[in-house]
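These entries record what I looked up in the structure. They begin with the overall fold and proceed to single residues.

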Amino acid sequence: MKCLKTVKPSQDNAVYLYMLKKEAEGKPKKVAKIAALNKFLRIYYARVSEVYSG
């Protein structure tokens, strides 16, 4: 998440925007990063399971 925060992604930036949204809501930086990590893992799992499901 640290790398994602320092290098703004040009494509697939849903996780980056989500992290910025959480920080704007007033969440501590660590909480925002963990929430973004959770979102990233959900997206990753969905994409991987889509590939291997058939």
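**Entry 1. Fold.** Which pattern does the protein follow, read along the sequence? I read it as α-α-α. The model is a predicted one, and I keep that in mind throughout. I counted the secondary structure as 3 helices and 0 strands. For the overall extent I took the C-alpha atoms along the principal axes, and they fill a box of roughly 40 × 20 × 15 Å.

**Entry 2. Confidence.** I looked up the pLDDT next. The protein averages 90, and 98% of the residues score at least 70. Where is confidence lowest, and where is it highest? I found the lowest mean, 78, in helix α1, residues 2-6. The highest, 94, belongs to helix α3, which covers residues 29-52.

**Entry 3. Burial and contacts overall.** How much of the protein is made up of buried residues? I noted 13% of the 54 residues. I then turned to contacts with a separation of 6 or more, and residues 24 or more positions apart account for 27% of these.

**Entry 4. The largest pocket.** I looked up its volume, which is about 170 Å³. Which residues line the largest pocket? From the earlier part of the chain I listed Met-1, Leu-4, Pro-9, Asp-12, Asn-13, Ala-14, Val-15 and Tyr-16, together with Phe-40, Ile-43 and Arg-47. By class, I recorded 8 nonpolar, 1 polar and 2 charged residues in this lining. Helix α2, residues 14-24, and helix α3 each supply at least two of the lining residues.

**Entry 5. The aromatic pair.** How many aromatic pairs does a search of the whole structure find? I obtained 1. The partners are Phe-40 and Tyr-44, and the pair is stacked, at 6.1 Å centre to centre with 25° between the planes. I counted the pair as stacked because the angle of 25° is under the cut-off of 30 degrees. Both residues lie in helix α3, 4 residues apart, which is about one turn of the helix. Phe-40 also belongs to the lining of the largest pocket. Is Phe-40 buried, partly exposed or exposed? I classed Phe-40 as partly exposed, because its relative accessible area is 38%.

**Entry 6. Lys-22.** I located Lys-22 in helix α2. Is Lys-22 buried or exposed? Lys-22 is buried, since its relative accessible area of 16% falls under the 20% limit. I then asked which residues Lys-22 is in contact with, leaving aside its neighbours within four places in sequence. These are Lys-27, Ala-32 and Ala-35.

**Entry 7. Leu-20.** Leu-20 is likewise found in helix α2. Its relative accessible area is 31%, so I entered Leu-20 as partly exposed. I also looked up its separation from Thr-6: the two are 14 residues apart along the chain, and their C-alpha atoms are separated by 12 Å.

**Entry 8. Ile-34.** Where does Ile-34 lie? I placed Ile-34 in helix α3. Is Ile-34 buried or exposed? I recorded Ile-34 as exposed, because its relative accessible area of 53% is over the 50% limit. Finally, I took the C-alpha to C-alpha distance from Ile-34 to Met-19, which is 8.8 Å across 15 residues of sequence.

Note on methods
Residues numbered from 1 in each chain as written. Predicted model: local features only at pLDDT ≥ 70, side-chain atom pairs only at ≥ 80, totals over all residues. Heavy atoms only, no water. pLDDT = per-residue confidence, 0-100. 1 Å grid on protein atoms, 1.4 Å probe; cavity = no way out; pocket = protein on both sides within 12 Å on 5 of 7 lines; lining within 4 Å. Points joined across faces, edges and corners; volume = space filled by probe spheres on them. Nonpolar A, V, L, I, M, F, W, Y, C, P; charged D, E, K, R; others polar. Buried < 20%, exposed > 50% of the residue type's maximum accessible area, 1.4 Å probe, protein only. Contact = heavy atoms within 4.5 Å. Phe/Tyr/Trp six-rings, centres within 6.5 Å; stacked < 30°, edge-to-face > 60°.
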